[in-house]
Amino acid sequence: MPDLNGVAKKTKGRQKIEMKKMRNESNLRVTFSKRRTGVFKKASELATLCGVDVAVIMFSPGNRVFSFGSPSVDSVVQRYKTQGPPPLLTLDLNKVHSTADEVELHTHLHCLSNQIAIEKKRTKDLNHLAKAAEDQFWWARPIESMTDSQLDKYKKMLEEFKRQLKEKRGNLN
């Protein structure tokens with residue numbers, strides 16, 4: 001697709017990706033490496049721009065430890081141990097992400113529940129129609145599934161049909 005200058009783009013550009021664990025091990029390692037660098041850069045910018053102490057500790061998919069600290073990881077961790085965070089400023093991102101996932105899952109569950117209800121109603125309606133057709137056209141059923149009274153009716157119908165057929169043949173000769 002050409003851009004404003006009439007030149008075709010060679011890449012898709014930046015796209016939103018689904019937030020779930022990657023299955024491809026190679027892609028996961030590359031993504032971790034790139035994003036780790038980005039997180040450390042943002043932490044450094046936050047420390048520089050706002051004059052705050054920052055520590056970031058990560059374990060890679062290969063179980064290696066990576067850390068960044070300003071002024072150092074040890075000093076920030078030591079300060080955290082002695083002072084601790086104020087209760088209202090503690091933010092558990094896993095809970096926030098989990099809550100978002102729960103809302104999304106709840107919405108999906110609601111949609112699926114509605115679809116199930118619609119399918120149940122459709123099944124009920126089709127069963128009702130099938131029953132009505134079966135009652136109306138009981139002779140179209142396999143003989144094995146007929147009751148004795150239905151078999152008697154069927155026999156009488158066939159005898160009547162046979163009689164009418166003989167009569168019609170007699171009129172043709």
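Here are some notes on this structure, which is a predicted model, written as numbered points you can follow on screen.

1. **The overall layout.** Start with the big picture. The protein chain has four helices and two strands, and from the N terminus on the elements go α-β-β-α-α-α. Of its 173 residues, 11% count as buried. If you take the contacts with a separation of 6 or more, 21% of them come from residues 24 or more positions apart.

2. **Helix α1, end to end.** How far apart should the ends of α1 be at 1.5 Å a residue? Helix α1 covers residues 25–50, so its 26 residues should span 38 Å. In the model the end C-alpha atoms are 37 Å apart, which agrees.

3. **How α1 starts and what follows.** Look at the start of α1 and you'll find Asn 24, with a side-chain oxygen that comes within 2.9 Å of the backbone nitrogen of Ser 26. At the other end, α1 is followed by Gly 51, and the phi of Gly 51 is positive, near 65°.

4. **The buried side of α1.** Which residues of α1 are buried? They are Leu 28, Phe 32, Arg 36, Phe 40, Ala 43 and Ala 47. If you're wondering what sits over them, the cover includes both β1 (54–59) and β2 (65–70).

5. **Two faces of β1.** Here's a general idea to hold on to: in a regular strand, side chains alternate between the two faces of the sheet. Now check it against β1. Val 54, Val 56 and Met 58 make up the covered face, while Ala 55, Ile 57 and Phe 59 are on the uncovered one.

6. **The hairpin.** In which sense do β1 and β2 pair, parallel or antiparallel? They pair in the antiparallel sense, over six bridges. To trace some of the pairing yourself, go from Val 56 across to its bridge partner in β2, Phe 68, and then from Ile 57 to its partner in that strand, Ser 67. The two strands form a hairpin with five residues between them.

7. **Asn 63 in the turn.** Asn 63 is in the loop between β1 and β2. Its phi is positive, about 70°, although Asn 63 is not a glycine. Is Asn 63 buried or exposed? Its relative accessibility is 61%, so Asn 63 counts as exposed.

8. **A cis peptide bond.** Don't skip the loop between β2 and α2 (73–83), where Pro 71 is found. The peptide bond joining Ser 70 and Pro 71 is cis, with omega at about 5°.

9. **Val 77 and β1.** Val 77 lies in helix α2. At 30% relative accessibility, Val 77 counts as partly exposed. Try lining it up with Val 56: the two are 21 residues apart in sequence, and their C-alpha atoms are 9.8 Å apart in space.

10. **Gln 150 in α4.** Gln 150 belongs to helix α4 (residues 148–172). Why does Gln 150 count as buried? The cut-off for buried is under 20% relative accessible area, and Gln 150 is buried because its relative accessible area is 16%. A polar atom of the Gln 150 side chain also lies 3.0 Å from the backbone nitrogen of Thr 147.

11. **The second largest pocket.** Rolling a probe the size of a water molecule over the atoms shows where empty space is left. The second largest pocket has a volume of about 550 Å³. Of the 14 residues lining this pocket, the closest to its centre are Lys 20, Met 22, Thr 31, Phe 32 and Arg 35. Which element gives the most to the lining? That's α1, with six residues. You've met Phe 32 already, as one of the buried residues of α1.

Terms used
Residues are numbered from 1 along each chain as its sequence is written. This is a predicted model: local features need pLDDT of at least 70, side-chain atom pairs count only at pLDDT 80 or more; totals for chains, interfaces and linings use all residues. Side-chain values use heavy atoms; hydrogens and water are left out. The expected span of a helix is 1.5 Å times one less than its number of residues. Buried means under 20% relative accessible area, exposed over 50%, partly exposed in between (1.4 Å probe, protein chains only). Contact means heavy atoms within 4.5 Å. A polar contact is a pair of N or O atoms within 3.5 Å; within protein, one must be able to donate a hydrogen and the other to accept it, and residues adjacent in sequence count only if both atoms are side-chain atoms. Two strands pair if DSSP finds at least two bridges between them. On a 1 Å grid over the protein atoms alone, a cavity is a set of points where a 1.4 Å probe fits but cannot get out, and a pocket is an open set with protein on both sides within 12 Å along at least five of seven lines; lining residues have an atom within 4 Å of a point. Grid points are joined across faces, edges and corners, and a volume is the space filled by probe spheres set on the points.
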